[in-house]
Structures are given as C-alpha cells and as structure tokens.
Amino acid sequence: MFKLLTWFSMLFVAGSTLVLGQNNTAKDIFILAGQSNMAGRGGVNHGKWDGNIPPECKPKRSILRFTANLDWEVAREPLHVDIDVGKVCGVGPGMAFANEIIRSHRSGTGIIGLVPCAVGGTSINKWGKGSRLYGQLVKRANAALKDGGGTIRAILWYQGESDTLNKDDAETYKGKMVKLIEDLRLDLNLPSLPFIQVALAFGEGTNTNIEMVRKAQMGIKMKNVKCVDAKGLPLNADNLHLTTMSEVELGLKLAYAFLLSFSHFH
C-alpha cells in the first residue's frame, strides 16, 4: 500500500524536506482550517518553538502536505510554517490525526494529503464567503484536487477564540458558522462534505462569551457535522494555546471522530 516511490512522477530533495512536484497519486485530502490552535502552537513559548516532535507526529511518506506554493511534500511539523506566516508555529493536531488515520485499517486510506489553511488570530468574520481567507481555502482545496486528484474527505476546523472578545460576536457565532459550512460545501461542490469542528478549550474573552461560543459549536445540528471537545486539555503558559501533547490528544480525538462517523466516505 505504501510503495510510494513508484508513484511519484517528480521527486527531489530540498534541504531536509522531500518535495513532490507533480504528484499523480490519488489522495484522501483533509483541509485544516481555523486559527492558531489548528495552525499549531504546541511547544511555542516566548516566541520560539522548542522543536520537540512526539512519536505520534513523526513524518511518513504516506502523509503529504500541500505547501503555500501549491506543491505536495512529505508532511512534517510545523505543518503551517508557510501558511500562518509572521507567527511562530509549532505542533498542531494535523500530524497526529493523519498518523492515526493511516494506522487504522478501518479507514481504507493509503495516502493522506493535508491542506493547511489556518491563520492565527482570525475571527469567524474573516472566514466568511468573499473574504481573503475563504478564497484561499477554496483555491487551495481545488488546487490540491487538480494536482494528482483524490477526494476531500473532511474539513477539520478549530476556531472561535477571537469571537469570545465581543458579546455580539459570541451571540452570532452559530449562525455564521452554519453559513460558512453551507457556503464551503456549495463552492467545493461537495454537498455532504464532512465537517469536524473543535469546541474551544479556552478563549480570549470572558467566561460567559467563551461558553456562548462553545454552546454554539456543540449545538450545530447539520448533516455530517461533528464536534470534539478541547475543554480540559492542558494549555501553554499563555493560557490560550494547547501544549504539544494536548495537540496530539486533539489530533487523536479528531481521528476517532472521523473514523467513527465518516470512514465509509470514499
């Protein structure tokens, strides 16, 4: 299943990263979107990443990453290094998620293609249809499909911390999230696209606003929309971002949610 070297039409090494230019292999594609906890701040303290990569996040040749230049390369931490630019990225949930999907035989998955799109500090308003981030997500998703083909299996979404700063934003979060899911499914021409979101571990605003956004996230009842809860996962010293091992645990939660509900999707 993993005899990848016969599948790459163009292969070269850039530094320590294996870069795959035009890749003809059909992939099971997952979009990673939202803000900083999806982009990954695990191991980031005082503006520096400690470089610690847990075994659950180690690279495999069967897990690829779609770069900012719209090329496939073997995925490795930090996944969002060229996407969430201007910030220090560390470990996120994506690699632990992908490794667990690969490990599970139930998924029938051979090659995982991760498409990082998350950007730290972004409210839901910055992701609405017509915004730059929305356009980039759709553009990257479509480009990932054209480069070798495959299927978008799910969008993994972790966002909402910035929407706890303002009561009005917290109160309107649910409606905006529902609209975003509907718009993405329409523009990606995938009306049943699975969407797995994360209920906040913490936020930037008051506890009342945090609970309002969490309630909105867990209260969305749409077809093929699931929610995993990050509450209780240990945080970095900033009391906002997940630690490295919390990101690993979150990645496993996302993987189990996908395997339990959506592994029949092909």
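## A guided tour, starting at Asn209

Select Asn209 to begin: this residue is buried, with a relative accessible area of 7%, where buried means under 20% relative accessible area, exposed over 50% and partly exposed in between, using a 1.4 Å probe and protein chains only. The model is predicted, so local features need pLDDT of at least 70 and side-chain atom pairs count only at pLDDT 80 or more, while totals for chains, interfaces and linings use all residues. Residues are numbered from 1 along each chain as its sequence is written, and side-chain values use heavy atoms, with hydrogens and water left out.

Asn209 sits in helix α6 (residues 207-218); helices (H or I, at least four residues) and strands (E, at least two) are DSSP runs, numbered from the N terminus. Show what surrounds Asn209: leaving aside neighbours within four places in sequence, Asn209 is in contact with Thr164, Leu165, Asn166, Lys167 and Ala170, contact meaning heavy atoms within 4.5 Å. Add Asp168 to the selection, since its C-alpha atom is separated by 9.1 Å from that of Asn209, although the two residues are 41 residues apart along the chain.

**Next, His241**

Move on to His241, which lies in the loop between β11 (225-229) and α7 (244-261) and is buried, with a relative accessible area of 13%. Which side chains are joined to that of His241 by a polar contact? One is Ser36, at 2.8 Å, and another is Asp238, at 2.5 Å; a polar contact is a pair of N or O atoms within 3.5 Å, and within protein one must be able to donate a hydrogen and the other to accept it, with residues adjacent in sequence counting only if both atoms are side-chain atoms. Apart from neighbours within four places in sequence, the residues in contact with His241 are Ser36, Asn37, Arg41, Leu235 and Asn236.

Thr244, in helix α7, is the next residue to select, and Thr244 is buried, with a relative accessible area of 8%. Beyond neighbours within four places in sequence, Thr244 is in contact with Gly42, Gly43, Asn52, Pro54 and Val91.

**Then the aromatic rings**

Rings of Phe, Tyr and Trp (its six-membered ring) pair if their centres lie within 6.5 Å, and planes under 30 degrees apart count as stacked, over 60 as edge-to-face and the rest as tilted. By this rule the count comes to seven aromatic pairs. Select Phe30 and Phe258: their ring centres are 5.1 Å apart and their planes are at 85°, so the pair is edge-to-face. This pair links distant parts of the chain, with Phe30 in strand β3 (residues 27-34) and Phe258 in helix α7, 228 residues apart. Both Phe30 and Phe258 are buried. Colour Phe97 and Phe262 as well, because ring pairs link Phe30, Phe97, Phe258 and Phe262 into a cluster.

For a tilted pair, turn to Phe66 and Trp72, which lie 4.7 Å centre to centre with 45° between the planes; Phe66 is buried, and so is Trp72.

**Last, the whole protein**

Zoom out to take in the full model, whose secondary structure comes to seven helices and 11 strands. Buried residues make up 57% of the 266 residues in the protein. Of the contacts with a separation of 6 or more, 77% are accounted for by residues 24 or more positions apart.
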